[in-house]
Structures are given as structure tokens and as C-alpha cells.
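Q: Please take a close look at the part of this model where protein meets DNA, and set it in the context of the protein assembly around that part. A connected account would be preferred to a list.

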Protein chains: 2
Amino acid sequence: MGDPDGDLPDDFELPENVALAWGLRDRPSRGPKRSLSLEQVVATGIRVAQADGISAVSMSRVASELGVGTMSLYRYVPTKHDLLDLMADTAYGPPPSPRAPGEGWRPALTRWAEGNLAALRRQPWIRHVPIGGPPINPNAVRWMEYGFLALRGTGLRPTERISTILLVSGYARSWATTTGDLAEAAARTGQTPDEAGQRYWRQLAVLTAPGPYPAIHELMAEVGEEEETDEAEWRFGLDRILDGIEALVKARAAGQTQHQ
Amino acid sequence: MGDPDGDLPDDFELPENVALAWGLRDRPSRGPKRSLSLEQVVATGIRVAQADGISAVSMSRVASELGVGTMSLYRYVPTKHDLLDLMADTAYGPPPSPRAPGEGWRPALTRWAEGNLAALRRQPWIRHVPIGGPPINPNAVRWMEYGFLALRGTGLRPTERISTILLVSGYARSWATTTGDLAEAAARTGQTPDEAGQRYWRQLAVLTAPGPYPAIHELMAEVGEEEETDEAEWRFGLDRILDGIEALVKARAAGQTQHQ
DNA sequence: CATGACTGCGTATGTCATACGCTTTAATGC
DNA sequence: GCATTAAAGCGTATGACATACGCAGTCATG
């Protein structure tokens, strides 16, 4: 009970940054009181990133925003990269509501996928924070839990459930990155994303004109009028993935009943 | 004939970096001869990245590797980021063989997906070069062409073909990133990727023990013995995606015949 | 009340990308 | 053939930046 962190095996080695993220850092009993908290530092970093982009997040900027010296931040965070990592985990925000009792896996997983996309849209800078490895930060684990919840009882094997979650979240990140980069590049030259898209096709047409690009030319000839919304393109990819998963789930279910 | 670049509309505005990538830069007629070529600079950058990782690629490192002054590189490349962009495009290498006459779309697209993965494995640093936008560099366009070739005659609409290509290449990059990051993190602490994986699950078990993570606990209890190879996990995701596309292609084909 | 862990943080170091401008080179216009 | 002038190589300078180190002040504990 003296240990507010619950009972961890004392001999268990946890990387510094992970321990920090989970709030498992010791009572700093002896010295002067801290003037800040890790949460404040992270929140300030997020505010800077949100306002001026990730490239504006420097240790000195965050520090001065907090009214402290640059080096003081290193009392809260071992490295800038750890700060970014914590920022990303926090800024991702809470996952959408978990699969309700009686709800099918597909609507639940769809909601989960759209939650991922929404998070990356809300805080576009997150996609510039490199993924350090498998999900280990508290919020990432929470998201993972909800993802697995959606897949309970589908008959998918454990490794398949993991791959599925990875596939869907990877798609969300991929898609957010592609469209986000495009939008940012457009904004940098003062165009709307639509204009930038038009421009892209014009450039591509010019560049591929002299060369052997039959499939691209065919596509450009056909595309013309039909213009999809971003949302429809996102749904297209997601629906393909979910259709693929559904096919497997159904096959499994059929095999299962056969065996019974 | 005096124009070796072919006949581009003279009034057409192409961004500097794109023009550079396509070799559309003017006869530098007046001054002294260049001692290097853009290709040499790019190749040297790639060599450095391959040897010591992308963080070792600095303008001064590349320059000294070439035996020239740092600032000389700026006669070949407007910005470091443009150099990285060119490096990535070149290092990706040639796409796998295009769809053969009579070959189905699925084997062709599978080969294309695996080519993407192989490229990212051959030059792992590529995944740290941010994607600047839609594919516009020469090699990227070539890859895109081959991707569209695979989808010819599937009945997919143009925007759907684009989304499909994006979906598959995004998956390859996503997957290469996830597994690559894991492998690098493991190597940094001197472990094999397998050991790192074991370690991850142990850490996750400890961290989630006190909290409400039923789906994660369920998964960890089941997983135990069964160990998938990386290759099998990659195939799982790819097969799901392709199954989803196949379902759509078949549905289209059925609808088409109905209408005839 | 003294000890010493811990605080904030000033200073210093080393690394980078890149702006600027000088000197040398060589193709072009006369 | 000679003057002109664009372009090449590159030394130097600038301004960010992350972070190592160490010091002086603080405060719970023995």
C-alpha cells in the first residue's frame, strides 16, 4: 500500500521511457519540490506542435513557453525523442467506444479505424513522430485493447488478430500521411488541395507524355470528370480490407461448424 | 533536335526538384565544367545511408566522401531534402517484371507488392525519408505504371485503381516500417528480433496486469506456443487486402455480364 | 541541525544546413 | 582573338539545436 504504482516485480527491468510513460517513477522525496509535472511538459509540447508544427517543437521553445530554462526539461524527460513519443501517445486521445455487447466485429472495427484516422487528423503532426516499435505506451495499449475487443469471437487466431489490428491501424496512418502531406504541400504554395491535385495530374501528363506509360495514359484519359471525395477514397481502402477479413472470418466459421 | 530533353511546353512550370529528378536541367553552357554529376552525388548519398544509416547522411559527409567542399553540393541539389528525395527514388530500384500477357491481375499485383517490400528491405533507410506527396519522381512513376498495368481490365474504375495501388504500396511500407523499427531497436540493445519480441510480451504482461485489459490478456494466454514467421505475417495482411479486392473485381464482373 | 539527494539552470560543445561572396574557368558575342 | 559574363568550387559566417557538465540553492531525513 505504500507503493502507489501497484505491485510490480522489483527486479523487473523497464526502459526508462516506458516507466515514465506509465507514471512509474519514484517518489523524489529528498530535494526541492518540482515546479512542473511531466504532464505539463508534454501538454506544452503538444500545444506548440498543434500551433506551429512539429518542427517548432524544440527544447528551448517548450521550455520558454513554460517559463523555465531549457535544461530544466531534462529533469522530466531523458531525451527530446522521448518527449515526442509521450506527446504522440497523449495527443492520440482516447479510443472510440468499445464494441458493445451484441455488436458485430465489423462495425466495431470500422469505428476503431475511423477513430485512428480522426486522431491523426486532429493532430496532424503525430504522423511525423516515428513509431518506435510495438505499442507499449499507456494510451497505445488502451487502443490496442479496444482493437482486440472488436475481434473477439471471430475465430481468428491470436497472431491473426494482431496482424489484423496492425493492418487496419497501418492503413489509417498510411492514408492520413498521404493525404496530409498532399494538403500540407498544397498549403505551402497557397493552393487548395484540389488545385494541387489538378496540378499534379497536369505535371504527370507532361512528364509521361514522351515515355512508355500506357497504363498511366489510359488512366488519365478515363479519369477526367469523375472526382471522388477524400472520404470515399478512405472508405474504399477500408472496405477492401474489411471485406478481406470478413471472407476469412466466414471461412473459419464454416470450417468450425463442419468440425462440430 | 537541339533540345535533348524532348519537347516540353516551354511555358510549363515544373518545380525545381522534379525537373532535376527527370534530368530536365539545362545545358550549363557558360562556366567551367562540373567536376561531378548529380548521379554521382546521389549515389554517394545512397552509399553513406546504406553503410551508416540515414542520420549519417550530412552534406559535409557526402561532400568529403566525394573529395569536394561541402558547399559544392549545392551546385547539384537545391536542398538536402531534395537530395534525400532523389536518393530514395533511385535506391528503390527497378520494379519487378510487369504483368505478362495472359497473366491474372492477382499474381502480378502480388509480385508488385513483394517488390515494394524487397526494395524497402534492401535499403531500410528509405522508410525514414518522408514521402513528399504523390509519386512524381521518375522511378516512382515507373513503379506506378507497373502497378496500373497489373490492374488493367479488372473493371475497377480509375479512382479505384489509384486507391488500390495506394493501399498495397502503403501496406508494404507500413509493414516494412513496423518490422524494421522493431529489428533496429533490438539490434541497438544487442538482441535478436526474436528476443526483443519475447521481451515485449513480457513487458506488456507486467504493465497490463493491474489494469482492465481483458482482450489483451486473453490474447496473451492463447498465443503461447504458436510462433509465426515474419513472412507469414506479411502474407496474411497482403492476402486479406487482395481477397478484398478480388471480391470487388468479381462483383463488378458479375454486374457487367448482367448488363450486357 | 547537518547531510546529501535533488532542483533549476547557466554555460559550453559539437553538429548541421545553408546564405553570401570571392576567385577561377571557359563558352559566347563581337 | 579578345572582352564579356555565367557558372563552378568552396571558404567563411550564421544561427539553430540537442545535450553534457557542473554549480548553487532547497528541503526531507538521520
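A: In this predicted model, a backbone N or O atom of Ser35(B) lies 2.7 Å from a phosphate oxygen of DNA strand D. Arg34(B) also reaches the backbone of DNA strand D, with an N or O atom of its side chain 2.9 Å from a phosphate oxygen. From chain A, Thr79(A) places a polar side-chain atom 3.1 Å from a phosphate oxygen of DNA strand D. Both chains are therefore represented around this strand, since a residue is counted as near when one of its heavy atoms lies within 4 Å.

The surroundings of DNA strand D comprise 24 residues, and the closest are Lys80(A), Arg34(B), Ser35(B), Arg75(B) and Tyr76(B). Sorted by class, the surface near DNA strand D consists of 8 nonpolar, 9 polar and 7 charged residues. Of the atoms of DNA strand D within 4 Å of the protein, sugar or phosphate accounts for 57%, and the rest belong to bases.

DNA strand C can be described in the same terms. Here too 24 residues surround the strand, and Pro32(A), Arg75(A), Tyr76(A), Ser29(B) and Lys80(B) are the closest. The residues of the surface near DNA strand C fall into 9 nonpolar, 9 polar and 6 charged. Sugar or phosphate makes up 59% of the atoms of DNA strand C within 4 Å of the protein, with bases supplying the rest.

Individual contacts to DNA strand C come from each chain. Ser72(A) has a polar side-chain atom 3.0 Å from a phosphate oxygen of DNA strand C. For Ser35(A), a polar backbone atom is 3.1 Å from a phosphate oxygen of that strand. Arg30(B), in turn, has a polar backbone atom 3.2 Å from a sugar or linking oxygen of DNA strand C.

The annotation record can be placed alongside these contacts. In an unreviewed entry, UniProt gives "domain: HTH tetR-type" for residues 35–95 of chain A. That stretch, residues 35–95 of chain A, is 57% helix and 0% strand, with its end C-alpha atoms 31 Å apart. UniProt, again in an unreviewed entry, lists residues 58–77 of chain A as "DNA-binding region". Over residues 58–77 of chain A, helix amounts to 40% and strand to 0%, and the end C-alpha atoms are 13 Å apart.

The two protein chains also meet each other. Their contact takes 67 residues from chain A and 67 residues from chain B. Together, chain B and chain A bury about 6,100 Å², of which 72% is on carbon and sulfur atoms. Within chain B, Glu145(B), Leu207(B) and Phe236(B) lose the most area to chain A, together 10% of what that side buries.

Polar features occur across this interface as well. Between chain B and chain A there are 12 residue pairs in polar contact, counting pairs with both residues at pLDDT 80 or more. The interface also has 6 salt bridges. In one salt bridge, Glu222(B) is paired with Arg161(A), and the closest N and O atoms are 3.0 Å apart.

On the side of chain B that touches chain A, the elements giving two or more residues are helix H6 (138–151), helix H7 (158–188), helix H8 (193–208), helix H9 (214–223) and helix H10 (230–259). H7(B) gives the most to this side, with 16 residues. By class, the residues on the side of chain B that touches chain A are 39 nonpolar, 11 polar and 17 charged.

How values were computed: Residues numbered from 1 in each chain as written. Chains lettered and ligands numbered in written order. Predicted model: local features only at pLDDT ≥ 70, side-chain atom pairs only at ≥ 80, totals over all residues. Heavy atoms only, no water. Polar contact = N/O pair within 3.5 Å; in protein donor to acceptor, adjacent residues only side chain to side chain. Nonpolar A, V, L, I, M, F, W, Y, C, P; charged D, E, K, R; others polar. UniProt positions renumbered as here; feature names shortened; annotations may be inferred. Helix = DSSP H or I, 4+ residues; strand = E, 2+ residues; numbered from the N terminus. Contact = heavy atoms within 4.5 Å. Buried area = accessible area lost by both parts, 1.4 Å probe. Salt bridge = Lys/Arg side-chain N within 4 Å of Asp/Glu carboxyl O.
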